[in-house]
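Here is a report on a single chain. It covers the ligand shell, the contact between domains and one sheet.

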Amino acid sequence: MPKTNLNIGLVGYGFMGRTHSNAFRQAAQFFDVPYRPVLKAVCARNAERAKAFAENWGYESVETDWRFLVERKDIDVVDIASPNDTHAEIAVAAAGAGKMVLCEKPLGRNAAEAEAMVEAVEAARVANMVWYNYRRVPAVVLLKFLLDEGRFGRIFHYRAKFLQDWTISRDLPQGGEGLWRLDVAVAGSGVTGDLLAHAIDTALWLNGPIAEVAAMTETFIKERKHNLTGRIEPVGIDDASAFLCRFQNGSLATFEATRYARGHKALYTLEINGEHASAAWDLHDLHRIQFFDHRDEGRLRGWRSIHVTDGDHPYMKRWWVPGLQIGYEHTFIHQVADFLQALGGGASASPDFRDGLATDYVTDAVLKSAKTRRWENVAGQMTNDQ
Ligand SMILES: NC(=O)c1ccc[n+]([C@@H]2O[C@H](COP(=O)([O-])OP(=O)(O)OC[C@H]3O[C@@H](n4cnc5c(N)ncnc54)[C@H](O)[C@@H]3O)[C@@H](O)[C@H]2O)c1
């Protein structure tokens, strides 16, 4: 069947601008979807660099102000791949202009911003999605299928870590290009909104809602030079964040994220332990899940390492031949393919903005608990005793 063109307007040409552009270019080639993304316009403030990006990736035009982009009649989808402080304003305006909206994570710098974004897309009835791409790793999707099939029985534990080491130097400035993640006004928070948000989104998807959290955070380097003001300024982000939590299903969990784990660049790991089975996944070996099933014959019982590359594994029959691997960039291609497929059925693909808001409720509760030093209920969720 011929595919209908879907005109994309991308905001931001950084790290995520590249992953999204690559995904828009490949999704309709590898997946049987009803729409074909057309790279209509890219928007960034520096016209020369935006033009060079447009030429490299094949965008037809360039804008230097997102306000013009969202008003353009020839744009169907506004894709927000710019820093966190821009998400709410652009998303609300884009929805108001009747555009479908894709937004990078975290949805808002806090839940209040995310609530306004949910309200805007739901009032405008436009398709929307948040780029929590780890939901599209084939091995993680297989884990979700195994959980939904009830193979684990009652869940007792969930454990997740996201470890990096790139901000250890005290000479690293904060703010501006490439370093906006250290500027709390732009980022909203530190590793809680940046790294834990990924771990929380995956956990909510796999293990259901979180009822309450008890957290601690630390800012190891208290002052850094600000790139935009040139002055030494207090650091407002959390450098490290860890929390205990209870899920509504009664399971207990620990989450940890830091940019101070020397030697770790992007180590995202998760493990889940149930009555009958356990499983673990590791971003550095993203094609495998480690799986243990206690119901296996006793003599042969043990951890198996499943290489999730066969034709009957999620997404894999669309790629090469069994046994061959795909990578990080493919998670974004899968996400675009799922978005286009859902759109064909008149729906939004998950995680939609409401799912993104659920994660922001948890990160808000984590940051609040770290301040109050008390257990905090997660807003928008029911606790066990309610
Ligand atoms: N899904 C993931 O795994 C993942 C990974 C990295 C980043 N992110 C998220 O993606 C977003 C962007 O992060 P990044 O790493 O690509 O950042 P980046 O610094 O590499 O790129 C940001 C881009 O936004 C542009 N920009 C900034 N302000 C703008 C404005 N007002 N109008 C138009 N363009 C503007 C910059 O010029 C730059 O091109 C953030 O929200 C971040 O949290 C998600």
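Helix α1 gives the most to the shell around the ligand, with three residues. The model is a predicted one. Both α1 (15–30) and α4 (84–96) supply at least two residues each to that shell. In total, 22 residues surround the ligand. The closest are G12, G14, F15, M16 and E104. By class, the shell holds ten nonpolar, eight polar and four charged residues.

Next, the domains. Domain 1 spans 4–133, and domain 2 spans 135–377. Their C-alpha centres are 23 Å apart. Across the boundary, 36 residues of domain 1 are in contact with 39 residues of domain 2. On the side of domain 1 that touches domain 2, the elements giving two or more residues are α1, β2 (35–43), α4, α5 (111–124) and β6 (128–130). Helix α1 provides the largest share of that side, nine residues. The residues of that side divide into 23 nonpolar, nine polar and four charged.

Helix α1 thus appears twice: it gives the most to the ligand shell, and it gives the largest share of the side of domain 1 that touches domain 2. Helix α4 also appears in both settings, with at least two residues in the ligand shell and two or more on the side that touches domain 2.

Now the sheet. Nine strands form an open sheet with mixed pairing, in the order β16-β15-β14-β13-β7-β12-β11-β8-β17. Which strands stand at the edges? They are β16 (304–307) and β17 (376–377). Each has a single partner strand, so one side of each has no neighbour in the sheet. At one of these edges, β15 (288–293) pairs with β16 in the antiparallel sense, over four bridges. Within this pair, I289 stands opposite I306 of β16.

Two helices that pack on the sheet are set out below.

| Helix | Residues | Strands touched | Angle between directions |
|---|---|---|---|
| α6 | 138–148 | β14 (277–282), β15 | about 165 degrees with β14 |
| α10 | 353–372 | β8 (210–218), β11 (240–247), β17 | about 55 degrees with β8 |

The edge strands can be placed against these helices. Helix α10 touches β17, an edge strand. Helix α6 touches β15, the strand that pairs with β16.

Conventions
Residues numbered from 1 in each chain as written. Predicted model: local features only at pLDDT ≥ 70, side-chain atom pairs only at ≥ 80, totals over all residues. Pairing = 2+ DSSP bridges. Contact = placed C-beta atoms within 7 Å. Axes fitted to C-alpha atoms, helices over the stretch in contact; angles between N-to-C directions. Near = placed C-beta within 6 Å. Nonpolar A, V, L, I, M, F, W, Y, C, P; charged D, E, K, R; others polar. Domains from an automatic or database assignment.
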